[in-house]
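This report describes one protein chain for a reader who has not met it before. The sequence and the structure come first, and the description follows.

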Amino acid sequence: MGAVVDAVNQDLNGSLAEKNPTVVFVLGGPGSGKGTQCANIVEHFGYTHLSAGDLLRAEIKSGSENGTMIQEMIREGKIVPSEVTIKLLQKAMQDSGNDKFLIDGFPRNEENRAAFEKVTKIEPAFVLFFDCPEEEMERRILSRNQGREDDNVETIRKRFNVFLESSLPVIKHYEARGKVKKIDAARPVAEVFETVKGIFAPKNEKVKGFGHILR
């Protein structure tokens with residue numbers, strides 16, 4: 001059975017890598033405006049937006065064996081293994097029929113990053129980093145007023161600190177490779193999107209064909 005699963009995984013990895021997809025990691029703290037800008041990029045540039053968190057939640061909701069396992073791990077406060085999240089991302093990429101992807105909120109840490117490249121054999125074209133001061137993110141989240149339990153000051157600050165501790169090493173890794181596009185996300189939405197457009201517009205030859213496959 002294990003050999004069959006391995007063969008399926010290799011198949012999935014191979015066919016995905018052969019497509020030479022453009023993968024952009026989208027990172028930023030809670031309230032940095034990632035979701036809004038991802039929606040704009042999808043609309044204007046034809047990318048498929050994949051949220052690791054949404055995929056995990058959908059898998060749990062599906063009631064599958066995998067979903068039950070994920071739910072148990074979250075309930076016990078354990079971190080879902082990178083490979084589980086990566087398999088969900090791979091399947092979503094394969095099923096989409098597209099070859100351009102925004103992967104939002106992943107990799108969350110260095111271990112995620114290394115596992116993604118090892119498992120998929122795909123290196124991201126670049127990382128879109130929405131850089132926003134903590135005070136501004138706090139203000140935005142609190143003003144959403146959606147009644148979410150985790151939208152209180154103490155929890156927001158914890159989430160911000162977790163983001164800093166875990167995601168900054170990922171950003172530094174890609175920065176050393178010249179692959180981080182840092183955006184001042186404290187500005188109004190329209191202004192931020194003007195900067196985003198400058199990165200994704202086809203006339204920007206530096207971005208076209210930027211992604212490549214790891215050998």
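## Overall make-up

Counting contacts in the chain between residues at least 6 apart in sequence, 76% join residues at least 24 apart. The model is predicted. The chain has 215 residues, and buried residues make up 45% of them. Its secondary structure comes to nine helices and seven strands.

## The sheet

Five strands form an open sheet, and their order is β2-β3-β1-β5-β6. The pairing in this sheet is parallel. At the edges are β2 (48–51) and β6 (180–184), each of which pairs on one side only. From one strand to the next, the twist averages 25°.

Strand β5 pairs in the parallel sense with β1 over five bridges. With β6, β5 also pairs in the parallel sense, over five bridges. Individual positions can be matched across these pairings. Phenylalanine 25 has valine 127, in β5, as its bridge partner. Phenylalanine 129 has lysine 182, in β6, as its bridge partner, and phenylalanine 130 stands opposite isoleucine 183 in β6. Strand β5 is mostly covered, with five of its six residues buried.

Helix α2, made of residues 34–45, packs on the sheet. This helix touches β1, β2, β3 and β5, and its direction makes about 175° with that of β3.

## The nonpolar cores

The largest nonpolar core has 24 residues. Val23, Phe25, Met93, Ile103, Phe106 and Phe116 are those with the most contacts inside this core. Two or more residues come from each of the elements β1 (22–28), α5 (82–96), β3 (100–104), α6 (110–120), β5 (126–131) and α8 (153–175). A second, separate core has 21 residues, including Tyr47, Leu102, Ala125 and Val192.

Phenylalanine 116 shows how parts of the chain meet in the largest core. Leaving aside neighbours within four places in sequence, phenylalanine 116 is in contact with Val23, Phe25, Ile86, Ile103, Phe106, Lys121 and Ile122.

## Asparagine 112 and glutamate 117 in helix α6

Which residue does the UniProt annotation "binding site" cover? According to that record, an unreviewed entry, the annotation covers Asn112. Asparagine 112 lies in helix α6. This residue counts as buried because its relative accessibility is 8%, and buried means under 20%. Not counting residues up to four places away in sequence, asparagine 112 touches Ser82, Ile86, Phe106 and Pro107. With serine 82 there is a polar contact from side chain to side chain.

Glutamate 117 also lies in helix α6. At 10% relative accessibility, glutamate 117 counts as buried. Isoleucine 86 is 31 residues away from glutamate 117 along the chain, and the C-alpha atoms of the two are separated by 9.8 Å.

## Aspartate 104 and arginine 140

Is aspartate 104 buried or exposed? Aspartate 104 is buried, because its relative accessible area is 11%. Its place is in strand β3. The side chain of aspartate 104 makes a polar contact with the side chain of histidine 49. Outside the residues up to four places away in sequence, aspartate 104 touches Val26, Lys34, Cys38, His49, Leu50, Ser51 and Ala52.

Arginine 140 is found in helix α7, which covers residues 134–144. With a relative accessibility of 18%, arginine 140 counts as buried. What does the side chain of arginine 140 reach at 2.6 Å? That partner is the backbone oxygen of alanine 185. A polar atom of the arginine 140 side chain also lies 3.4 Å from the backbone oxygen of serine 32. Not counting residues up to four places away in sequence, arginine 140 touches Gly31, Ser32, Gly33, Cys132, Ala185, Ala186 and Arg187.

The table lists the polar contacts of these residues.

| Side chain of | Partner | Distance |
|---|---|---|
| Asparagine 112 | Side chain of serine 82 | 2.8 Å |
| Aspartate 104 | Side chain of histidine 49 | 3.0 Å |
| Arginine 140 | Backbone oxygen of alanine 185 | 2.6 Å |
| Arginine 140 | Backbone oxygen of serine 32 | 3.4 Å |

How values were computed
Residues are numbered from 1 along each chain as its sequence is written. This is a predicted model: local features need pLDDT of at least 70, side-chain atom pairs count only at pLDDT 80 or more; totals for chains, interfaces and linings use all residues. Side-chain values use heavy atoms; hydrogens and water are left out. A nonpolar core is a set of buried Ala, Val, Leu, Ile, Met, Phe, Trp, Tyr and Cys residues joined through side-chain atoms within 4.5 Å. Buried means under 20% relative accessible area, exposed over 50%, partly exposed in between (1.4 Å probe, protein chains only). Helices (H or I, at least four residues) and strands (E, at least two) are DSSP runs, numbered from the N terminus. Contact means heavy atoms within 4.5 Å. UniProt positions are given in the numbering used here, feature names are shortened, and annotations may be inferred rather than shown by experiment. A polar contact is a pair of N or O atoms within 3.5 Å; within protein, one must be able to donate a hydrogen and the other to accept it, and residues adjacent in sequence count only if both atoms are side-chain atoms. Two strands pair if DSSP finds at least two bridges between them. Axes are lines fitted to C-alpha atoms, for helices over the stretch in contact, and angles run from 0 to 180 degrees between N-to-C directions.
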